[in-house]
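Here are a few exercises to work through with the model open beside you. Try each task before you read its solution.

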Amino acid sequence: MKLKQLSILLTSILLITVVAACGSSDSSPETDNDDNQEETQTDQKEAEEEETADNEDTASITSEEASETAEAFLTLIADEDFEGATALFDDTMASEVTAADLEEIWDQLTTDFGEFAGYDYVDDQQVDGYYSLLYEGAFNNQPVVLNVSVNGNNEVGGFFIQ
């Protein structure tokens, strides 16, 4: 039952993060006024330029740098330094998950699976400008998959537990 509650909590956090990441940056109503149309076109062009710049940022780190960030994040959590761990979050994660939320998730994991014994690197892949790093976390030798996503700015953009 507790595992089901943990799964629901983590799925909810994931959905909130995905929804927040998919939101549009600007929408203004169309009018017949030429000035408003020009402003809208200018805003759209600026948004496209920002998106292009963001996409260029996504390829700006190496797998090793992403791995260092992910492992620093996991170490901070294991040391129960939740403020330090959330300082590594990107803006979207920081707006959705607080240090208190992260502490609650970690407390639930240790309650359900026992004392944290460590983690081992499993694999990484690059998806949509993020490095997704997989670790096998051991809680009283019960394995749990820890997935840390790191963006091109070397910030934690996602944390998933399977």
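**Exercise 1. Find the bridge partner of Ala 138 in β3.**

Step 1: look across from Ala 138 to β3, where its bridge partner is Pro 143. Strands here are DSSP runs of E with at least two residues, helices are runs of H or I with at least four, and both are numbered from the N terminus.

Step 2: place the pair in its strands. β2 and β3 (residues 142–150) run antiparallel and are joined by nine bridges; two strands count as paired if DSSP finds at least two bridges between them.

Step 3: follow the chain through the turn. The hairpin of β2 and β3 has two residues between the strands, and Asn 140 takes a positive phi near 45° there.

Before going on, a word on the model: it is predicted, so local features need pLDDT of at least 70 and side-chain atom pairs count only at pLDDT 80 or more, while totals for chains, interfaces and linings use all residues. Residues are numbered from 1 along each chain as its sequence is written, and side-chain values use heavy atoms, with hydrogens and water left out.

**Exercise 2. Trace the residues that stand opposite one another, starting from Gln 125.**

Step 1: Gln 125 stands opposite Ser 132 in β2. The strands concerned, β1 (residues 116–127) and β2, run antiparallel with ten bridges.

Step 2: Ser 132 in turn stands opposite Ser 149 in β3.

Step 3: Ser 149 stands opposite Gly 158 in β4. β3 and β4 (residues 156–161) pair in the antiparallel sense over five bridges.

Step 4: compare the turns. In the hairpin of β1 and β2, with two residues between the strands, Asp 128 takes a positive phi near 50°. The hairpin of β3 and β4 has five residues between the strands, and Asn 154 takes a positive phi near 65°.

**Exercise 3. Why is strand β2 described as largely enclosed by the rest of the structure?**

Step 1: fix the cut-offs. Buried means under 20% relative accessible area, exposed over 50%, and partly exposed in between (1.4 Å probe, protein chains only).

Step 2: apply them. Seven of the ten residues of β2 (residues 130–139) are buried, so the strand is largely enclosed.

Step 3: set this beside the chain, where 31% of the 162 residues count as buried.

**Exercise 4. Is Asp 79 buried or exposed?**

Step 1: locate Asp 79 in the loop between α3 (63–78) and α4 (82–86).

Step 2: read its relative accessible area, which is 58%, so Asp 79 is exposed.
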